[in-house]
Amino acid sequence: MLSRVRLVIAAVLLACSSLFFVQQLQDKQKKELATENKIPIVFHEKYDVAFWGIENLHPMDTKKFGKVFNYLVKNLGIEPQRFYKPEKLQEHELLKVHSQQYLEYLRSSHAIAEIAEVSLLQFIPNFLLRWKLLTPMLYATSGTILATQLAMEHGWALNLAGGFHHAKYDQGGGFCFYADIPLALHKIHEKNPDLDILVIDLDAHQGNGLASFFKDSENIYLFDMYNTKIYPQDIKEARETDFNVPVPFGIHDEEYLSTLKRELPKTIESVKPGLIVYNAGTDIFIQDPLGGMNITEQGILKRDEFVFMQALERKIPIVMLLSGGYGEKNAEVISRSLENLLNNHLNWDK
Ligand SMILES: [Zn+2]
């Protein structure tokens, strides 16, 4: 009797362990499939700035990147392994777009405090600021480079961060430390020197950093639509912008979208770009504390859809970067707009 009980127990144990191993194997296969079956969306968990609460001194929601990622995983059922993960950017790479002097300037806490617009940061040791604040920016910059290359291969790509459009060769500003877009385009031009590129900057703020880089470029063009009454009001760079489209403070959906629909298609037709970089700041949102515009969530959804359709219909590769957006609801608005693009317009293996 005892031996029969032992036999039954052994059989049950064997069955359970076999089931466990089959489950493990299935999970592993699923993971491998997801890893192979990637979507051109770039994200790294290090994008979010976590600084023991100090990050809350700036109105920016520094966790918005992770929130958007979580939304796409949860609501669209995209396995985390299907996202591309950038490597941390090596600092020497920055010398392609920044002066040595500027990079050394960032070794002072005062400089970082000034660019981040949080004066208290000047009292924090520089190594801590570099670790907690600049490291996420290095990942985001690397993400923009990767996403731009992916757009050339796949026709479209998203970086769930980036768009630091105020950074200049020897100067940062407005929470922008590194010129991610100029660096990404520098790398594209290393492979395709003759490629014409159009950068569409629809962040609420003027992309004065981008203008400073591209004014002397023969084949990078800047279309910049922004609120003239807020930072940086860089009139010198506005004069040098190829397609400068200032809009009034407090603009609403109808006027905003009709201006975009009037100005953008003819710009694309005149440039005939081989790549579009879309700096899709959501600080135009009505609840954003800094943008000074009154665009609704539906307006942002229509804006993003319109820009993407302009590129997709002409078969022009497009890469989108999140750029500015400082309210609590910005992550939600971005997420729902990306959901609309991914469900209705972008080609990917669901
Ligand atoms: Zn902005």
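This note covers helix H9 and its packing, several salt bridges, and the loop residue glutamine 233.

1. Basis. This is a predicted model, in which local features need pLDDT of at least 70 and side-chain atom pairs count only at pLDDT 80 or more, while totals for chains, interfaces and linings use all residues. Residues are numbered from 1 along each chain as its sequence is written, and side-chain values use heavy atoms, with hydrogens and water left out.

2. Geometry of H9. H9 covers residues 253–271; helices (H or I, at least four residues) and strands (E, at least two) are DSSP runs numbered from the N terminus. At 1.5 Å a residue, its 19 residues should span 27 Å, and the end C-alpha atoms are 26 Å apart, which agrees. The expected span is 1.5 Å times one less than the number of residues. Lysine 272 follows the helix and has a positive phi, near 50°.

3. H9 against H10. H9 packs on H10 (residues 297–313) at about 10°, the axes being 11 Å apart. Axes are lines fitted to C-alpha atoms, for helices over the stretch in contact, and angles run from 0 to 180 degrees between N-to-C directions. The pair is therefore roughly parallel (angles under 35 degrees; over 145 is roughly antiparallel, 65 to 115 roughly perpendicular, the rest oblique). On the H9 side the contact (heavy atoms within 4.5 Å) involves Asp253, Tyr256, Leu257, Leu260, Lys261, Leu264, Pro265 and Ile268. H10 contributes Gly299, Lys302, Arg303, Phe306, Val307 and Gln310. By class, the contact has 8 nonpolar, 2 polar and 4 charged residues; Ala, Val, Leu, Ile, Met, Phe, Trp, Tyr, Cys and Pro count as nonpolar, Asp, Glu, Lys and Arg as charged, and the others, Gly among them, as polar.

4. Buried side of H9. The buried residues of H9 include Asp253, Glu263, Thr259 and Thr267 alongside Leu257, Leu260 and Val271. Buried means under 20% relative accessible area, exposed over 50%, and partly exposed in between (1.4 Å probe, protein chains only). The buried residues pack against strands S3 (197–201), S4 (220–227), S5 (243–247) and S6 (275–279), as well as H10.

5. Salt bridge from H9. Arginine 314 and glutamate 269 form a salt bridge at 2.8 Å, N to O; the criterion is a side-chain nitrogen of Lys or Arg within 4 Å of a carboxyl oxygen of Asp or Glu. Arginine 314 lies in the loop between H10 and strand S7 (318–321) and glutamate 269 in H9, so the pair ties together parts 45 residues apart in sequence. Both are partly exposed, arginine 314 at 29% and glutamate 269 at 40%.

6. Other salt bridges. The structure holds 15 salt bridges. Lysine 215 pairs with glutamate 237 at 3.4 Å between the closest N and O atoms. Lysine 215 is in the loop between helix H7 (208–214) and S4, and glutamate 237 in helix H8 (residues 235–240), so the pair ties together parts 22 residues apart in sequence. Glutamate 237 is buried at 3%, whereas lysine 215 is partly exposed at 26%. Both belong to a salt-bridge network with Lys168, Asp234 and Lys236. Lysine 96 and glutamate 93 also pair, at 3.0 Å, N to O; lysine 96 is partly exposed at 36% and glutamate 93 buried at 17%.

7. Glutamine 233. This residue sits in the loop between S4 and H8 and is partly exposed at 46%. Leaving aside neighbours within four places in sequence, glutamine 233 contacts Gln206 and Thr228. Asparagine 208 is 25 residues from glutamine 233 in sequence and 8.4 Å away in space, C-alpha to C-alpha.
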